[in-house]
Amino acid sequence: AIRAYSAGDEVEMDGKQVKGKKRNFTETIEAQYTLKNYDPVRDKRFSGTFKLPSVPRPNLKCCVLGNAAHCEQADRIGIDHMSVEDLKKL
């Protein structure tokens, strides 16, 4: 419903049909969570990755900064990279 509203379509809110506003940008939400009485160093209950259902930023560019092993991995998967020596040249 949120995507339809931001695309300008009509959606139902509180039993009424409401026309959305066309947005010329991608709306995003950033969230941070704090767990009480949880020590991430000692307790490893929450570890792993979560794949998002859609790409958050389609034009996102990244560059790996690392040693030779990291640069080799980045080169294999096609990501831009800079080594320690490259950074010293800047």
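The following paragraphs lead through a predicted model of a protein, from its overall architecture to individual residues.

The protein comprises 3 helices and 4 strands. In sequence order, these elements follow the pattern α-β-β-β-α-β-α. Of the 90 residues in the protein, 9% are buried. The exposed surface amounts to about 9100 Å², of which carbon and sulfur atoms supply 52%. Among contacts between residues at least 6 apart in sequence, 2% join residues at least 24 apart.

The path through the model begins with helix 1, which spans residues 2-6 and contains Tyr-5. With a relative accessibility of 23%, Tyr-5 counts as partly exposed. When its neighbours within four places in sequence are left aside, Tyr-5 is in contact with Val-11, Val-18, Lys-19, Gly-20, Lys-21 and Arg-23. One of these partners, Lys-21, lies 16 residues from Tyr-5 along the chain, and the C-alpha atoms of the two residues are separated by 6.4 Å.

Attention now turns to helix 2, which covers residues 68-77. At the start of this helix, a side-chain oxygen of Asn-67 reaches to within 3.2 Å of the backbone nitrogen of Ala-69. Further along, Arg-76 forms a salt bridge with Glu-72, and the closest N and O atoms of the pair are 3.7 Å apart. This distance satisfies the criterion for a salt bridge because the cut-off is 4 Å. The two residues are 4 positions apart in helix 2, so about one helical turn separates Arg-76 from Glu-72. In general, an α-helix has 3.6 residues a turn, so residues three or four places apart point the same way. Arg-76 itself counts as exposed, at 62% relative accessibility. A search of the whole structure finds 1 salt bridge. Helix 2 is followed by Gly-78, whose phi is positive, near 85°.

The cysteines merit separate consideration. A disulfide is a covalent bond between the sulfur atoms of two cysteines. The structure holds 0 disulfides. Cys-62 is in no disulfide, and the nearest cysteine sulfur, that of Cys-63, is 7.6 Å away. For Cys-71, the closest cysteine sulfur is also in Cys-63, at 8.1 Å, which is too far for a bond. The surroundings of the residues can be described as well: Cys-62 is partly exposed, with a relative accessible area of 48%, whereas Cys-71 is buried, with a relative accessible area of 9%.

Cys-71 also appears among the contacts of Ser-83. Ser-83 is found in the loop between strand 4, residues 80-82, and helix 3. Ser-83 is buried, its relative accessible area being 15%. Not counting residues up to four places away in sequence, Ser-83 touches Gly-66 and Cys-71.

The account ends with helix 3, which spans residues 84-89 and includes Leu-87. Leu-87 is partly exposed, with a relative accessible area of 37%. This value permits membership of a surface patch because the residues of a patch must have over 30% relative accessible area. Together with Leu-65 and Leu-90, Leu-87 forms a nonpolar patch on the surface, and the three residues have about 340 Å² of accessible area together.

Definitions and conventions
Residues numbered from 1 in each chain as written. Predicted model: local features only at pLDDT ≥ 70, side-chain atom pairs only at ≥ 80, totals over all residues. Heavy atoms only, no water. Salt bridge = Lys/Arg side-chain N within 4 Å of Asp/Glu carboxyl O. Buried < 20%, exposed > 50% of the residue type's maximum accessible area, 1.4 Å probe, protein only. Disulfide = S-S within 2.5 Å. Patch = residues over 30% accessible without salt bridge, like charges linked within 9 Å, V, L, I, M, F, W, Y side chains within 5 Å. Areas by Shrake-Rupley, 256 points an atom, 1.4 Å probe, with all protein chains shown as cover. Contact = heavy atoms within 4.5 Å. Polar contact = N/O pair within 3.5 Å; in protein donor to acceptor, adjacent residues only side chain to side chain.
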